[in-house]
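Here is a walk through one model, from a single loop residue out to the whole chain. Keep the viewer open as you read.

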Amino acid sequence: MNLIGNKSEFAVEYRITDVSNMMGYGKLWICDEFYGTNQDLIYLVGYLQNLMENILEVETVSFIKSQLSNEEIYQHVKSLSNETSEYQITSSTFTDDFNGYKFREDQNIVLVWKLRDDIEMIFDDLKDYKKSVVLVRVNSQTINEVLNKFKDEIKKARA
């Protein structure tokens with residue numbers, strides 16, 4: 001697997017298996033937590049790159065978060081997402097075992113997700129995944145830098 005970025009901040013892990021169709025495997029690492037599974041064959045540009053672009057398209061949420069648990073924040077943003085999908089992390093096959101949401105806090109993007117418990121886990125890396133809500137904060141510039149490096153690597157692989 002190739003890694004762009006730092007797993008403790010923001011990174012994309014990927015492996016190209018079919019250059020002509022730009023297919024392979026990948027997932028995101030945010031603050032030492034991973035989102036997605038690298039055991040599902042995906043279109044790297046259509047799914048992995050689009051996921052990073054989707055995360056960067058984020059709106060500010062105004063509510064007092066300091067006294068709320070991760071679960072309460074998750075539930076609040078989930079309810080907002082029922083009104084408008086702009087807070088939802090757009091899903092694809094390698095991330096559809098997660099329910100994820102996003103919002104902006106100043107220069108940071110806050111991602112909050114939970115592994116779905118209403119489905120059978122078929123991917124080994126998700127079978128022991130924590131059941132609690134994960135909440136992480138990452139600087140949007142860091143995401144943008146990783147995204148741009150990923151685009152450059154894809155361009156080089158196609159050449």
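Leaving out residues up to four places away in sequence, which residues does Cys-31 touch? The contacts are Lys-7, Ser-8, Glu-9, Val-136 and Arg-137. Bear in mind that this is a predicted model.

## Cys-31 and its turn

Cys-31 sits in the loop that links strand E3 (23-30) to strand E4 (33-35). Those two strands form a hairpin with 2 residues between them, and Cys-31 takes a positive phi near 50 degrees there. E3 and E4 are antiparallel partners with 3 bridges, and Ile-30 has Glu-33 in E4 as its bridge partner.

Is Cys-31 buried, partly exposed or exposed? Its relative accessibility is 29%, so Cys-31 counts as partly exposed, given that buried would need under 20% and exposed over 50%. For a sense of distance, take Ser-66: it is 35 residues from Cys-31 in sequence, and the C-alpha atoms of the two are 19 Å apart.

## E3, covered on both faces

Step back from the loop into E3 and the surroundings change. 8 of the 8 residues of E3 are buried, so the strand is largely enclosed by the rest of the structure. One side carries Met-23, Tyr-25, Lys-27 and Trp-29, the other Gly-24, Gly-26, Leu-28 and Ile-30, and all of these are buried. Yes, that list includes a lysine, Lys-27.

E3 also has other strand partners. Strand E2 (residues 10-18) runs antiparallel to E3 over 8 bridges, with Asp-18 bridged to Met-23. The E2 and E3 hairpin has 4 residues between the strands, and in that hairpin Met-22 takes a positive phi near 50 degrees. Then there's strand E5 (residues 42-43), which pairs with E3 in the antiparallel sense over 2 bridges. Met-23 turns up here too, with Tyr-43 in E5 as its bridge partner.

## H1 and a buried threonine

Next along the tour is helix H1 (residues 44-56). How well does its length fit the usual rise? At 1.5 Å a residue, its 13 residues should span 18 Å, and the end C-alpha atoms are 17 Å apart, so the two agree. H1 does have a bend of about 35 degrees, located at Asn-50.

The buried residues in H1 are Leu-44, Leu-48, Gln-49, Leu-51, Met-52, Asn-54 and Ile-55. As background for reading that list, an α-helix has 3.6 residues a turn, so residues three or four places apart point the same way.

One of those H1 residues, Leu-51, is touched by Thr-95, which also contacts Tyr-35, Gly-36 and Thr-90 (residues up to four places away in sequence are not counted). Thr-95 belongs to the loop between H2 and E6. Loop or not, its relative accessible area is 0%, so Thr-95 counts as buried.

## The three-stranded sheet and its helices

Now for the sheet with E6 in it. This is an open sheet of 3 strands in the order E6-E7-E8, paired antiparallel. Strand E6 (98-105) and strand E8 (134-139) are at the edges with a single partner strand each, so each has one side without a neighbour in the sheet. From one strand to the next, the twist averages 20 degrees.

Strand E7 (residues 108-115) pairs with E8 over 6 bridges in the antiparallel sense, and Ile-109 stands opposite Val-138 of E8. Two helices lie against these strands. Helix H4 (residues 140-158) packs on the sheet, touches E6, E7 and E8, and makes about 80 degrees with the direction of E8. Helix H2 (residues 70-83) lies across E6, E7 and E8, at about 90 degrees to E6.

## The whole chain

Zooming out, the chain has 4 helices and 8 strands, arranged along the sequence as β-β-β-β-β-α-α-β-β-α-β-α. Its C-alpha trace spans about 50 × 35 × 30 Å along the principal axes.

Does the size point to a compact globule or to something looser? A compact globule of 159 residues would have a radius of gyration near 15 Å, and this chain has 15 Å, so the two agree. Buried residues make up 47% of the 159. Of the contacts between residues at least 6 apart in sequence, 55% join residues at least 24 apart.

Key:
Residues numbered from 1 in each chain as written. Predicted model: local features only at pLDDT ≥ 70, side-chain atom pairs only at ≥ 80, totals over all residues. Heavy atoms only, no water. Pairing = 2+ DSSP bridges. Axes fitted to C-alpha atoms, helices over the stretch in contact; angles between N-to-C directions. Contact = heavy atoms within 4.5 Å. Expected span 1.5 Å × (residues − 1). Bend = angle between axes of the 7 residues up to and from the residue. Buried < 20%, exposed > 50% of the residue type's maximum accessible area, 1.4 Å probe, protein only. Rg over C-alpha atoms; globule rule 2.2 N^0.38 Å.
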